[in-house]
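Colleague: Hey, could you walk me through this one? I haven't looked at it before.

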Amino acid sequence: MRQLTKAEQCRNLMYRKTMLSKLNYWEISTQLDDMIEMCGNIKYLEQDDPEIINAFDGNEDDAHEFIMAFSDLVYDLENLSEQLTDIFGYGNEENFNETAVALIGKYYETLGFDSYREDYFEFDSEYMEEVGVQKSRERIMRKTKKQMLDDIGFTMALILQFTDLEYRYNSLEATVGIFKDENIKMLKLVKNIDDKYNEMFDKKGKLDKYSKAKEIREFDKMIKDLPDKYWVE
């Protein structure tokens, strides 16, 4: 009978330390940091910024509500990041991962720790993944009832808060993306209008309505296509 190699033995013991592929401590922590950083990079979100007000068709109340939602999101992201670190950080990260696997690993992709490669990887089979979830359940059930309930409560609360904040962030990012796309289009349009305007005049700065008739028509069309909200009253 062929003896298993050291690598094969390590892979067969991957169920001894598990975590969810996405809802694990390190992934959540990294995503929180990324979202906080991205929010911090949105420099134009100021109370009276005309760009924001214009994006809401001049409705200052809607613009103010959006900015307040953004501010609340930043606060909540930072607060959750601190909670995650305080409760499960400082060498206690695996406790979060283990509890999450025991609770919902049956419904999410679960990874096992390959000590040979010193990293987490997908299980070699669905059966091994099921074993990994079962072993995680057995390990957390060795704790006292109080410890188990505390860990389950903290873990689920953090996961639920994270998924809620992730949804809010994605909605905000989509809105900001609309602003950026619209700004880029307007900047291009304004640049083209400026170039077309210069084309209508000769080197002496005179407008020839006959030789530049085409340019004039194109300029008039570009002006007509410019949204009303970009005109200064």
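**A chat about charges and layout**

Modeller: Sure, let's start with one residue: Asp-76 is partly exposed, with a relative accessible area of 25%. Keep in mind that this is a predicted model.

Colleague: OK, which residue does Asp-76 form a salt bridge with?

Modeller: The partner is Arg-168, and the closest N and O atoms of the two are 3.0 Å apart.

Colleague: And where do those two sit in the chain?

Modeller: Asp-76 is in helix H4, residues 60-88, while Arg-168 is in helix H7, residues 145-199. The two are 92 residues apart in sequence, so the salt bridge ties together distant parts of the chain.

Colleague: Is Arg-168 buried or exposed?

Modeller: In between: Arg-168 counts as partly exposed, with 27% relative accessibility.

Colleague: What else does Arg-168 meet in a salt bridge?

Modeller: Asp-164, with an N to O distance of 3.9 Å. Asp-164 and Arg-168 are both in helix H7, four residues apart, which is about one turn of the helix. Asp-164 is partly exposed too, at a relative accessible area of 39%. Put together, Asp-76, Asp-164 and Arg-168 form a linked network of salt bridges.

Colleague: Why would side chains like that pair up at all?

Modeller: Side chains of opposite charge can pair when their charged atoms come close.

Colleague: How many salt bridges does the count come to?

Modeller: Six. One of them joins the side chains of Lys-143 and Asp-151, at 2.7 Å from N to O.

Colleague: Is Asp-151 buried or exposed?

Modeller: Asp-151 is buried, because its relative accessible area is 13% and the cut-off for buried is under 20%. Lys-143, on the other side of the salt bridge, is partly exposed at 23%.

Colleague: Changing topic: which residues gather in a patch of negative charge?

Modeller: That would be Glu-27, Asp-33, Asp-34 and Glu-37, on the surface. Glu-27 lies in helix H2, which covers residues 25-40, and Asp-33 is found in helix H2 as well.

Colleague: How accessible are Glu-27 and Asp-33?

Modeller: Both come out as partly exposed: Glu-27 has a relative accessible area of 33%, and Asp-33 is at 42%. Patch members need over 30%, so Glu-27 and Asp-33 both clear that cut-off.

Colleague: How far is Asp-33 from Glu-78 in space?

Modeller: They are 8.3 Å apart, C-alpha to C-alpha, with their positions 45 residues apart in sequence.

Colleague: Let's zoom out. What does the secondary structure come to?

Modeller: Eight helices and three strands. Along the sequence, the pattern reads α-β-α-α-α-α-β-β-α-α-α.

Colleague: And how much of the chain is buried?

Modeller: The chain has 233 residues, and 33% of them count as buried. Its accessible surface is about 15600 Å², with 52% of that belonging to carbon and sulfur atoms.

Colleague: Last one: what share of the contacts comes from residues 24 or more positions apart?

Modeller: Among contacts with a separation of 6 or more, those residues account for 74%. The salt bridge between Arg-168 and Asp-76 that we began with also links residues far apart in sequence, as the two are 92 residues apart.

Notes. Residues are numbered from 1 along each chain as its sequence is written. This is a predicted model: local features need pLDDT of at least 70, side-chain atom pairs count only at pLDDT 80 or more; totals for chains, interfaces and linings use all residues. Side-chain values use heavy atoms; hydrogens and water are left out. Patches are made of residues with over 30% relative accessible area and no salt bridge: like charges are joined within 9 Å, nonpolar side chains (Val, Leu, Ile, Met, Phe, Trp, Tyr) within 5 Å. Accessible areas come from the Shrake-Rupley method with a 1.4 Å probe; for residues, only the protein chains shown count as cover. A salt bridge is a side-chain nitrogen of Lys or Arg within 4 Å of a carboxyl oxygen of Asp or Glu. Lys and Arg count as positive and Asp and Glu as negative; His and the chain ends are not counted. The place of a charge is taken as NZ of Lys, CZ of Arg, CG of Asp or CD of Glu. Buried means under 20% relative accessible area, exposed over 50%, partly exposed in between (1.4 Å probe, protein chains only). Contact means heavy atoms within 4.5 Å.
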